[in-house]
There are 2 protein chains.
Amino acid sequence: MNSSAYCIGIDIGGTYTKLGIVDSGGGIIEHFQIPTSAYKRHTDFILEVQRILTPFIDKFGKSNCLGIGVGAPNAHYYTGNIEYPVNLNWKGIIPFGNDLEQVMQLPVKITNDANAAAMGEHKLGAAQPFAHSIVITLGTGVGAGIIIQNELLLGKDGLAGELGHTIVLPGGRYHPGSGLSGTLEAYCSAPGVVRTALEKLEQVGYTSLLSQWGTDEITSKHISECAQQGDKLCLDVFEETGGLLGMAMANFAHFSSPEAFIFFGGLSGAGNLLLNPARKSMEAHLLEVYKNKIQVLPGALPESDAAILGAAALVMV
Amino acid sequence: MNSSAYCIGIDIGGTYTKLGIVDSGGGIIEHFQIPTSAYKRHTDFILEVQRILTPFIDKFGKSNCLGIGVGAPNAHYYTGNIEYPVNLNWKGIIPFGNDLEQVMQLPVKITNDANAAAMGEHKLGAAQPFAHSIVITLGTGVGAGIIIQNELLLGKDGLAGELGHTIVLPGGRYHPGSGLSGTLEAYCSAPGVVRTALEKLEQVGYTSLLSQWGTDEITSKHISECAQQGDKLCLDVFEETGGLLGMAMANFAHFSSPEAFIFFGGLSGAGNLLLNPARKSMEAHLLEVYKNKIQVLPGALPESDAAILGAAALVMV
């Protein structure tokens, strides 16, 4: 793209939406944030996006704007719809891409939020060296973007890569958002880790630094911090969570034979507390022929940047 | 390819190897079979292949032969090696492609046996209408070939699609060949189904038509036949097996968002006895957005033909 051209990247999350104006060099020149959950209707949300962006589009020139790329949960690349999102207020099939295009009068492309972030890591982050990788977000939810031969795996309808909703423990913990039980997201998301810790706090024989907080206050960050201080309960939480994550990773590896797994999102801040047991468990659940080949790495971009850049990349030419 | 051109397709299975000479129209003009397990060394096996094929290569003309395509367990597309095959006598890393090429003096291409069969179903069978499908073999083992945008998913090293070795029941039944526990293959292969039936025969309160055979004699075919006669134990075996299979299919669907699953191999002869509970379980384990979209179909080609044609397709131009 020419030097005055620019794109807009939007990363829609359950709690916050992040917007960025991305220049021709892949730099984010303006950054904004909107509280997604404050908007009961996606149409009001789109009007807020318009209100924020319009002054900058006027400033940088509408004709220089290549378009808007959007990453959103359950976003449908081919239709532009967001369909039955699990972690958003908006329900059913939402014609988000078309409505945004109509209001903004700019080309819009849309994909899964996790796919967008994976493309960011693939183009500019830790997944760059690999033609085949799986980028997993561990945050409020567990999302994934699967890169095969340097391309995003979209599947029939652009909905591939919903790895957070694969079953890791049949008959296990119920996940209300998806209506499924025993999913990866039920255990390996930030709320999943908190729930595992709360379950352990109720077990006999455990004492924990976590007891300094009320059960409503405990976050995954507290659990990481206490584990770093050697708290047995919190270390056990990461050992178990990493064990399940690693088993799921082995299953995914048997599917697409990737060179690397890249992790980002809030929970991945726990770093090796989580990734070491995950590596160990993955290796234990791999066929001989896959062992000791697959790298497990933290993402290299700040989470919001990866998603914004990946989304913007959808409309870059 | 011109009308006198031909290819050779070889499908190496744990028990038998099937060879076919395939004409320019995709017809199999000559068919052979070798007992794979009778050959302790792959080099002796290759000499037997040479002995069988040479008269026909002489007859049809060596210069008309485009090459040999091979489907074999754990075959490595890029190196031509068979690596640590689970169900073969040959152990470690076997330079099968190179050795066969040397002996036959013809171009050789090699892939996973399940991948070869999937390509056969994709090019000429039940998977033809779908750009995105997953073809699963249910036989001595459980193999798969994953078709994405009309291409075989190979992964970094050509080893993608080992879906039989994904874990469906953590801590479940041990599978000696793979060294893994609770895998799809441990339950949904022909030997897995037999083992499930034997376990049920030992449970109190079951009587079954299977009791007419010794425990060493029972095959998955007996179990199908008794289930068709309404035998409660055998119906329960398929209900449970289909339940696990369907859950695994939902996991795979969340990965690549296919339009269809196609089943073939010995156990798929049980037809809807197995596929009905599998469909039901798959739907129950899918996210809303995937429900009622994915077809579950039996393969359309005789198993050995699919594998031979798919293998031959590797060297067709």
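Me: Let two residues be in contact if their C-beta atoms, placed from the backbone, lie within 7 Å. On that basis, what share of the contacts in chain A between residues at least 6 apart in sequence joins residues at least 24 apart?

Reply: The model is a predicted one. In chain A, 65% of the contacts between residues at least 6 apart in sequence join residues at least 24 apart. The chain holds nine helices and 14 strands.

Me: What makes the radius of gyration of chain A agree with that of a compact globule?

Reply: A compact globule of 317 residues would have a radius of gyration near 20 Å, and chain A has 20 Å; the value therefore agrees with the rule. Along its principal axes, the C-alpha trace spans about 65 × 45 × 35 Å. Of the 317 residues of chain A, 56% count as buried.

Me: Why is A:Lys59 called exposed rather than buried?

Reply: A residue is exposed if 12 or fewer other C-beta atoms lie within 10 Å of its own. A:Lys59 has 9 other C-beta atoms within 10 Å, and is therefore exposed. The residue belongs to helix H1 (residues 42-60) of chain A. From A:Lys59 to A:Ser133 the separation is 74 residues in sequence and 38 Å in space, C-alpha to C-alpha.

Me: What makes E9(A) a mostly covered strand?

Reply: A residue counts as buried if 20 or more other C-beta atoms lie within 10 Å of its own. In E9(A), seven of its seven residues are buried. The burial applies to both faces: A:Val142, A:Ala144, A:Ile146 and A:Ile148 lie on one side, with A:Gly143, A:Gly145 and A:Ile147 on the other. In a regular strand the side chains alternate between the two faces of the sheet.

Me: How do you know that E8(A) and E9(A) pair, and in which sense?

Reply: Two strands pair if DSSP finds at least two bridges between them. E8(A) and E9(A) have six bridges and run in the antiparallel sense; in one of these, A:Ile136 has A:Ala144 of E9(A) as its partner. A hairpin of three residues joins E8(A) to E9(A).

Me: What joins strand E9 (residues 142-148) of chain A to E10(A)?

Reply: Two bridges join these antiparallel strands, and the requirement for pairing is at least two bridges. A:Ile148 has A:Glu151 in E10(A) as its bridge partner. E9(A) and E10(A) form a hairpin with two residues between them, and A:Gln149 in the turn has a positive phi of about 50 degrees.

Me: Which strands of the open sheet of chain A are called edge strands, and why?

Reply: The sheet contains five strands in the order E10-E9-E8-E13-E14 (chain A), with mixed pairing. Strand E10 (151-152) and strand E14 (295-298) of chain A each pair on one side only, and are the edge strands. Helix H3 (residues 113-124) of chain A packs on the sheet, touching strand E8 (133-138), E9, E10 and strand E13 (260-264), and its direction makes about 50 degrees with that of E9(A).

Me: How do you know that the two copies are related as by a two-fold rotation axis?

Reply: A turn of 180 degrees with a shift of 0.0 Å along the axis lays chain A on chain B with an RMSD of 0.0 Å. The two copies are therefore related as by a two-fold rotation axis. The same surface serves both copies, since 97% of the contact residues of chain A recur in chain B.

Me: How many residues of chain A are in contact with chain B?

Reply: 34 residues of chain A contact 34 residues of chain B. Helix H7 (residues 232-256) of chain A gives the largest share of the side of chain A that touches chain B, six residues. By class, that side has 17 nonpolar, 11 polar and six charged residues.

How values were computed. Residues are numbered from 1 along each chain as its sequence is written. Chains are lettered from A and ligands numbered from 1 in the order in which they are written. This is a predicted model: local features need pLDDT of at least 70, side-chain atom pairs count only at pLDDT 80 or more; totals for chains, interfaces and linings use all residues. Helices (H or I, at least four residues) and strands (E, at least two) are DSSP runs, numbered from the N terminus. The radius of gyration is taken over C-alpha atoms; the globule rule is 2.2 Å times the number of residues to the power 0.38. Copies are superposed by least squares on the C-alpha atoms of residues with pLDDT of at least 70 in both. Ala, Val, Leu, Ile, Met, Phe, Trp, Tyr, Cys and Pro count as nonpolar, Asp, Glu, Lys and Arg as charged, and the others, Gly among them, as polar. Axes are lines fitted to C-alpha atoms, for helices over the stretch in contact, and angles run from 0 to 180 degrees between N-to-C directions.
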